[in-house]
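I opened this model to keep a short record of what I looked up in it. The entries follow in the order in which I made them.

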Amino acid sequence: MRKLWHLRAGVAVSLALAVLASVWSLAQISLLPPGLTPRKLEMATASTHVVVDTPQSALLDLRQSTYSFEGLRNVMASATVRADIARRAHVPVELIQVAAPRTPEQPRAVVGSADDHHTTDILKSNDQYRLSIQANPTVPVLDIYAQTPTAKTAEDLANAAVDELRGYLGGLASSEKTPAGDQIRLVQLGRAKGAVINPRTEWQVAFLAFLVTFGVCCATVLFLARLRAGWKLATLSEQTTAG
């Protein structure tokens, strides 16, 4: 601390860089044109559950498995239904990632789903919209989980998934002229409720970025000061030897 007190210029530069790093952790900085774009650091989630009622009344016969329904297999991960979900939830379709359930008949991920990973995924921010559909192995129930930047959009995305799946099945039954008594029904067990899972995370990230940057910069200032002092001593030693 005593050495840093004598290196006030370097400490001032370190402080400025730490503040800049703190701001950068909260917002993207653009020079042309000048501006700040807030980063999406918070994450919210919402969930809902859907009973799949078959003509054989799965509500009464819980021995039926969700895996046995061919028409529901990875429907939400298909491009058409995913686009409909995005439109109903007011979310750009390219931001939505869907992880469909794995079944014995469909052991691999559907192309375009959230299971398609790339090396650039680590650079993505939390400004993403994810849907995860899990099939209960013992009862005909689909568990739908949504993750978005806000609680409201998480609710909208989870509910839109149920509504669009119901609409898809209704359209399919209508096009195939399936009698009403033979159609699959979806019974949603309450609308989805969203909640933020990492509140006030932006201030924690900003504080951590400030501390790390300030510490590294101060250490660099001390290192450069010692290096400069060593050069001076070496120069004086050479001059004394030469004299």
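Before searching for aromatic pairs I fixed the criterion: rings of Phe, Tyr and Trp (its six-membered ring) pair if their centres lie within 6.5 Å. I also kept in mind that this is a predicted model.

**Entry: aromatic pairs**

I searched the whole structure with that criterion, and the search returned 1 aromatic pair. The partners are Phe-210 and Phe-214, whose rings lie 5.9 Å apart centre to centre with 5° between the planes. Because planes under 30 degrees apart count as stacked, I entered the pair of Phe-210 and Phe-214 as stacked. I then asked why Phe-210 and Phe-214 are separated by about one helical turn. The two residues are 4 apart in helix H5, so that spacing follows from their positions in the helix. For exposure I noted that Phe-210 is partly exposed at 23% relative accessibility, and that Phe-214, with a relative accessible area of 25%, is partly exposed as well.

**Entry: further along helix H5**

I stayed with helix H5, which covers residues 201-242, and looked up Gly-215, which lies in it. Gly-215 has a relative accessibility of 38% and is therefore counted as partly exposed, since that class falls between the 20% limit for buried and the 50% limit for exposed. I also checked a partner distant in sequence: Leu-15 is 200 residues away from Gly-215 along the chain, yet their C-alpha atoms are separated by 9.5 Å.

**Entry: cysteines**

How many disulfides does the structure hold? I found 0. Cys-217 is in no disulfide, and the nearest cysteine sulfur to its own, that of Cys-218, is 7.1 Å away. Cys-218 is likewise in no disulfide, with the sulfur of Cys-217 as its nearest at 7.1 Å. The cut-off for a disulfide is 2.5 Å between the sulfur atoms, so the 7.1 Å between Cys-217 and Cys-218 does not meet it. Are these two cysteines buried or exposed? Cys-217 is buried, with a relative accessible area of 14%, and Cys-218 is buried too, at 8%.

**Entry: two loop residues**

I next looked up His-90, which sits in the loop between helix H3 (79-89) and strand E4 (96-99). Its phi is near 60°, a positive value in a residue other than glycine. I added for context that most residues other than glycine have a negative phi. His-90 counts as exposed, because its relative accessibility is 71% and the class begins over 50%.

The second residue was Gln-183, placed in the loop between helix H4 (151-175) and strand E7 (185-188). At 28% relative accessibility, Gln-183 is partly exposed. From C-alpha to C-alpha, Gln-183 is 8.4 Å from Leu-169, and the two are 14 residues apart in sequence.

**Entry: the whole chain**

I closed with the overall figures. The chain contains 5 helices and 8 strands, and from the N terminus on I wrote their order as α-α-β-β-β-α-β-β-β-α-β-β-α. Of its 243 residues, 33% count as buried. The chain exposes about 15,300 Å², of which carbon and sulfur atoms supply 63%. Among contacts between residues at least 6 apart in sequence, 70% join residues at least 24 apart.

Definitions and conventions:
Residues are numbered from 1 along each chain as its sequence is written. This is a predicted model: local features need pLDDT of at least 70, side-chain atom pairs count only at pLDDT 80 or more; totals for chains, interfaces and linings use all residues. Side-chain values use heavy atoms; hydrogens and water are left out. Buried means under 20% relative accessible area, exposed over 50%, partly exposed in between (1.4 Å probe, protein chains only). Contact means heavy atoms within 4.5 Å. Accessible areas come from the Shrake-Rupley method with a 1.4 Å probe; for residues, only the protein chains shown count as cover. Rings of Phe, Tyr and Trp (its six-membered ring) pair if their centres lie within 6.5 Å; planes under 30 degrees apart count as stacked, over 60 as edge-to-face and the rest as tilted.
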